[in-house]
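The following exercises concern a single protein chain. Each task is followed by a solution that proceeds step by step.

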Amino acid sequence: MYSEKVMDHFQNPRNVGEIEDASGVGTVGNAKCGDIMRIYLDIDDDGIIRDCKFKTFGCGAAVATSSMATELVKGKSIEEAMKVTNRAVMEALDGLPPVKVHCSLLAEEAIHAALWDYAKKHGIEIEGLEPPKSDIHEGEEEGEEY
């Protein structure tokens, strides 16, 4: 059902917690399943993500995708972090069951929401970054899947 990597990141999550005075904080949820993910970024003056932490309320897959997402963006530039997609998170975890794909989407959206917060605080624009959704299903047609 779940890969060894998913189980490892669920049982031993990396980067759990908060960053006080974070450069950017992003929170997204999934009203359909109740998962909530918050990502904290510490970004230096050169635009490099020095630290990344998360707090997630949700299933094991939500915890695992949060953990992996923080690992994927830590040490990266803002531009590199923008390229961390839900697909990249899933691949890094050796896949997710189809019913849990939305968890990787939460991770991507939480990173983008934290980058949006950072950009707003610093009065900058990040190419390709759109305003965050509070719920990953925002803007979907009724009955539409991920």
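**Exercise 1. Determine how strands E2 and E3 pair, and describe the hairpin that they form.**

Step 1. In this predicted model, strand E2 covers residues 35–43 and strand E3 covers residues 49–57. Eight bridges join the two strands, and the sense of the pairing is antiparallel.

Step 2. One facing pair fixes the register: Asp-42 stands opposite Asp-51 in E3.

Step 3. Five residues lie between the strands of this hairpin, in which Gly-47 has a positive phi near 80°.

**Exercise 2. Establish the order of the strands in the sheet, and state which helices pack on it.**

Step 1. E1 and E2 run antiparallel and are joined by seven bridges. Within this pairing, Val-28 stands opposite Met-37 in E2.

Step 2. The result is an open sheet of three strands in the order E1-E2-E3, with antiparallel pairing. E1 and E3 are the edge strands, as each pairs on one side only. From one strand to the next, the twist averages 15°.

Step 3. Helix H2 packs on the sheet and touches E2 and E3, its direction making about 175° with that of E3. Helix H5 also packs on the sheet; H5 touches E1 and E2, and its direction makes about 145° with that of E1.

**Exercise 3. Characterise helix H5 by its span, its burial and the residue that follows it.**

Step 1. H5 comprises residues 101–122, 22 residues in total. From the first C-alpha to the last, H5 reaches 32 Å, close to the 32 Å expected at 1.5 Å a residue.

Step 2. Of these 22 residues, 18 are buried, and H5 is thus mostly covered.

Step 3. Gly-123 follows the helix and has a positive phi, near 60°.

**Exercise 4. Identify which residues touch the most other members of the largest nonpolar core, and which elements contribute to that core.**

Step 1. The core has 40 residues, of which Leu-41, Val-73, Leu-115 and Ile-126 touch the most other members.

Step 2. Two or more residues come from each of E2, E3, H2 (60–73), H3 (78–82), H4 (86–92) and H5. The largest share, twelve residues, is that of H5.

Step 3. Val-73 serves as an example. When neighbours within four places in sequence are left aside, the contacts of Val-73 are Leu-41, Ile-49, Cys-52, Ala-81, Val-84 and Ile-111.

Step 4. A general tendency gives the context: in soluble globular proteins, nonpolar side chains tend to be buried together.

**Exercise 5. Examine the salt bridges, and classify their residues as buried or partly exposed.**

Step 1. The count comes to seven salt bridges, with a cut-off of 4 Å between a side-chain nitrogen and a carboxyl oxygen.

Step 2. Glu-18 forms a salt bridge with Lys-55, the closest N and O atoms being 2.7 Å apart. This pair links distant parts of the chain, 37 residues apart: Glu-18 belongs to the loop between H1 (4–11) and E1 (24–30), and Lys-55 to E3. Glu-18 is partly exposed at 48% relative accessibility, and Lys-55 is partly exposed at 40%.

Step 3. Lys-121 and Asp-117 both lie in H5, four residues apart, about one turn of the helix. In their salt bridge, the closest N and O atoms are 3.2 Å apart. Asp-117 counts as buried because its relative accessible area of 19% is under the 20% limit, whereas Lys-121 is partly exposed at 48%.

Step 4. Asp-51 forms a salt bridge with Lys-53 at 3.9 Å between the closest N and O atoms. Lys-53 is partly exposed, with 22% relative accessibility. A network of salt bridges links Asp-51, Lys-53 and Lys-74.

Terms used. Residues are numbered from 1 along each chain as its sequence is written. This is a predicted model: local features need pLDDT of at least 70, side-chain atom pairs count only at pLDDT 80 or more; totals for chains, interfaces and linings use all residues. Side-chain values use heavy atoms; hydrogens and water are left out. The expected span of a helix is 1.5 Å times one less than its number of residues. Buried means under 20% relative accessible area, exposed over 50%, partly exposed in between (1.4 Å probe, protein chains only). Two strands pair if DSSP finds at least two bridges between them. A nonpolar core is a set of buried Ala, Val, Leu, Ile, Met, Phe, Trp, Tyr and Cys residues joined through side-chain atoms within 4.5 Å. Contact means heavy atoms within 4.5 Å. Axes are lines fitted to C-alpha atoms, for helices over the stretch in contact, and angles run from 0 to 180 degrees between N-to-C directions.
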